[in-house]
Structure formats: C-alpha cells, structure tokens
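Colleague: I am new to this structure and should be grateful for a close look at a single part of it. Please choose a starting point in the chain and work outwards from there to whatever surrounds it.

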Amino acid sequence: MTKLRLADFRRVAFFTGAGLSSESGIPTYRGSGGVWREYDYQEYACQEAFERDAEKVWDFHDKRREAVAAAEPNEGHRIIARHQAAHPETAIITQNIDGLHQRAGAERVMELHGSLWRVRCERERTVRDDLSVPMAQRKCSCGAYLRPDITWFGDRLDEAVIGRAVERLASCDLIVSIGTSGVVFPAADLPRIAVSSGAVSVEINLEDTPVSHLYQHHLRAPASEALAVLAGA
Ligand code: NAD
C-alpha cells in the first residue's frame, strides 16, 4: 500500500476526525447514519437552541454521551496512543468530542471542538469534567444551566488549543490526517500549516475529500487498517 512508516519520522502529528471513531460505532457527521441527517442542529447544537430550551438540548447531548459511553476505542485509537507512548513528542489534534483517544491511553490530546465529557458554567466561567450518564446535574450550584464544553455551530474555537495545535503542526515532520471530510472550518485549515512547513503528508480516508490535493500520500482504507500499515504492524 505504502512504504511510509511512522518510525521513520521524529515528530508525527495526527489530525483526526469522526471517521476514526466510526469503527467504534459512533456515526460520522455527514455520512449515512450521520447525526445531522436525523437532527436539525438549530434545534440541538447552537447557543440559541440552548437558551430557548436547555432541557431539550441536554436530552440530545445525554443521548450522545450514552452512545459514546457504550462504545470502545478501536485499534486506530490504540495505534496512535502506542505511538505517542513510545514517542512523547507526538501530537494528537482531534476534531472529535468523544474522548476515545484518551480512553485508548493517549495524553495531551488537543481537542479543537471540546469534549462531551466536560461541562462549563458560563455565569461562573468554570469548566469541569463530568462522566455521568445521564448527566447527574444539569445545573451549576449557582443555579445557571451547565452547557457541554463543546463547539456548537456558531461558537468560536478555544484560542489556546488552536495556538498549541498550530505550534505542533508547524514543527512536525509527518502529518497524518485521518477520517475527516475537511469541510468544517477553521479546523480544516490547520493541516495546511504542517504541509507548508515542509512536513510529509498522508491522508487516510475511505474516499477523496475536498482537501485531498493537500496531501502527498493517500491511503484509501478504514483508519485502523491504514494506521496498522503505517505502524508497520
Ligand atoms: P465528517 O463526518 O465530516 O467526515 C468523516 C470522514 O471520515 C469522511 O470523509 C468519511 O469518508 C471518513 N470515514 C468514515 N469512516 C471512515 C473510516 N472507517 N476510516 C477512514 N475514514 C473514514 O467528520 P469531521 O471531518 O470530523 O467533521 C465532523 C465534525 O463533527 C467535527 O467537528 C466533530 O467535532 C463532530 N463530530 C464528532 C464525532 C466524534 O466525536 N466521534 C462524531 C461526529 C461528528
């Protein structure tokens, strides 16, 4: 398939999307079975919806938490975690909110779109982990509704996370994009930084994407299989 091997590079950056978790049974964004084919995001995943009806938005997110809690990390997540354990300078930058990288053992995961497993109080400006399913407390002790600490439609990304990701992408020598359609901005623009800094670039996806032209190498296979090839397994 390819002669590229992760072991031939010193600083690998993995840039992951929903396709990596699809082998764990979590639906992707746009593909068949995708969440936004079934649900209107304006009703469930934007600040306006939350202000209109927080309980309805929480019911929706509780279902997402339940589905993800029942899923397990797959071999793709595990290969990435093992590579990072052996090479601590490895960067893991994800658009996923499911926490499966961490459950596979990965550390210092840069979550561009936040996490289903954190909640924040906008009034107190606090953020905390919450792994309960369903959410034990939808309200903060101050009385305000907690909201999931994820990027909804129309939200801005966390500048600090973006800053760290940019730094790591600018200094990696291999960028491996995995299971992302490359159409959710500004995240989709980030791999360009690695490419324009001279990193070797690989796209793992089942199909061509609008950003395939950015990459020198294309592995058209399920993420776990393509990663096993790159890992030399
Ligand atoms: P996307 O759904 O837009 O695209 C998924 C991509 O993965 C597609 O290009 C598809 O061809 C590819 N793919 C599907 N199965 C694959 C497999 N087994 N191996 C390799 N590739 C595969 O996903 P996106 O680009 O990540 O954008 C989705 C947005 O929605 C993200 O911002 C994310 O926050 C959110 N989201 C997250 C999750 C999650 O946390 N697991 C799931 C759905 C959506």
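Modeller: Helices and strands are here runs assigned by DSSP and numbered from the N terminus, a helix (H or I) having at least four residues and a strand (E) at least two. The model is a predicted one. With that understood, a suitable starting point is Arg11, which lies in the segment before β1.

Arg11 has a relative accessible area of 29%; it is partly exposed because this value falls between the 20% limit for buried residues and the 50% limit for exposed ones. Although Arg11 and Leu174 are separated by 163 residues in sequence, their C-alpha atoms are 6.6 Å apart in space. Leu174 is also one of the contacts of Arg11 when neighbours within four places in sequence are left aside; the others are Glu89, Ser171, Cys172 and Asp173.

The strand that follows Arg11 leads into the sheet. Strand β1 covers residues 12–16 and pairs with β7, residues 174–178, in the parallel sense over 5 bridges. Within this pairing, Phe15 of the chain faces Ser177 in β7. Strands of a sheet pair through backbone hydrogen bonds, in either a parallel or an antiparallel manner. Here β1 and β7 belong to an open sheet of 6 strands, whose order is β3-β2-β1-β7-β8-β9 and whose pairing is parallel. Its edges are formed by β3 (110–111) and β9 (217–219), each of which pairs on one side only.

Two helices may be placed against these strands. Helix α6, made of residues 75–86, lies across β1, β2 (91–94) and β7, and it runs at about 155° to β1.

The other helix is α8, residues 159–170. At its start, a side-chain oxygen of Asp158 comes to within 2.9 Å of the backbone nitrogen of Ala160. The 12 residues of α8 should span 16 Å at 1.5 Å a residue, and this agrees with its end C-alpha atoms, which are 16 Å apart. An α-helix has 3.6 residues a turn, so residues three or four places apart point the same way. In α8 the buried residues are Val161, Ala165 and Leu169. Viewed down the axis of α8, these residues fall within an arc of 65°, so they line one face of the helix. Their cover includes β1, β2, β3 and β7 of the sheet, together with α9 (191–196). Glu159 and Glu167, by contrast, are exposed on the other side of α8.

Between β7 and α9 there is a loop that contains Pro186. The peptide bond leading from Phe185 into Pro186 is cis, with omega near 5°.

A further group of strands pairs in the antiparallel sense. Its β4 (114–121) is joined to β6 by 4 bridges in an antiparallel arrangement, and β4 also pairs with β5 over 4 bridges, again in the antiparallel sense. Of the 8 residues of β4, 7 are buried, and the strand is mostly covered. On the side of β5, Val119 has Arg128 as its bridge partner; on the side of β6, Arg120 stands opposite Arg147.

The strands β4 and β5 form a hairpin with 4 residues between them, and in its turn Arg125 has a positive phi of about 55°. Arg125 is exposed, its relative accessible area of 77% being over 50%. Another residue other than glycine with a positive phi is Arg108, at near 50°, and it is found in the loop between α7 (100–103) and β3.

Beyond β5 (126–129), the loop to β6 holds Pro134. The bond from Val133 to this proline is cis, with omega near -10°.

Finally, Arg147 belongs to strand β6, residues 147–150. Its relative accessibility is 1%; Arg147 counts as buried because this is under 20%. The side chain of Arg147 reaches the backbone oxygen of Ile150 at 2.6 Å. Apart from neighbours within four places in sequence, the residues in contact with Arg147 include Val119 and Arg120, both already mentioned, as well as Gln47, Phe50, Trp58, Arg118, Glu122, Trp152 and Asp155. Two arginines thus frame this description: Arg11, partly exposed, and Arg147, buried.

Methods:
Residues numbered from 1 in each chain as written. Predicted model: local features only at pLDDT ≥ 70, side-chain atom pairs only at ≥ 80, totals over all residues. Heavy atoms only, no water. Pairing = 2+ DSSP bridges. Contact = heavy atoms within 4.5 Å. Axes fitted to C-alpha atoms, helices over the stretch in contact; angles between N-to-C directions. Expected span 1.5 Å × (residues − 1). Buried < 20%, exposed > 50% of the residue type's maximum accessible area, 1.4 Å probe, protein only. Arc of directions from axis to C-beta. Polar contact = N/O pair within 3.5 Å; in protein donor to acceptor, adjacent residues only side chain to side chain.
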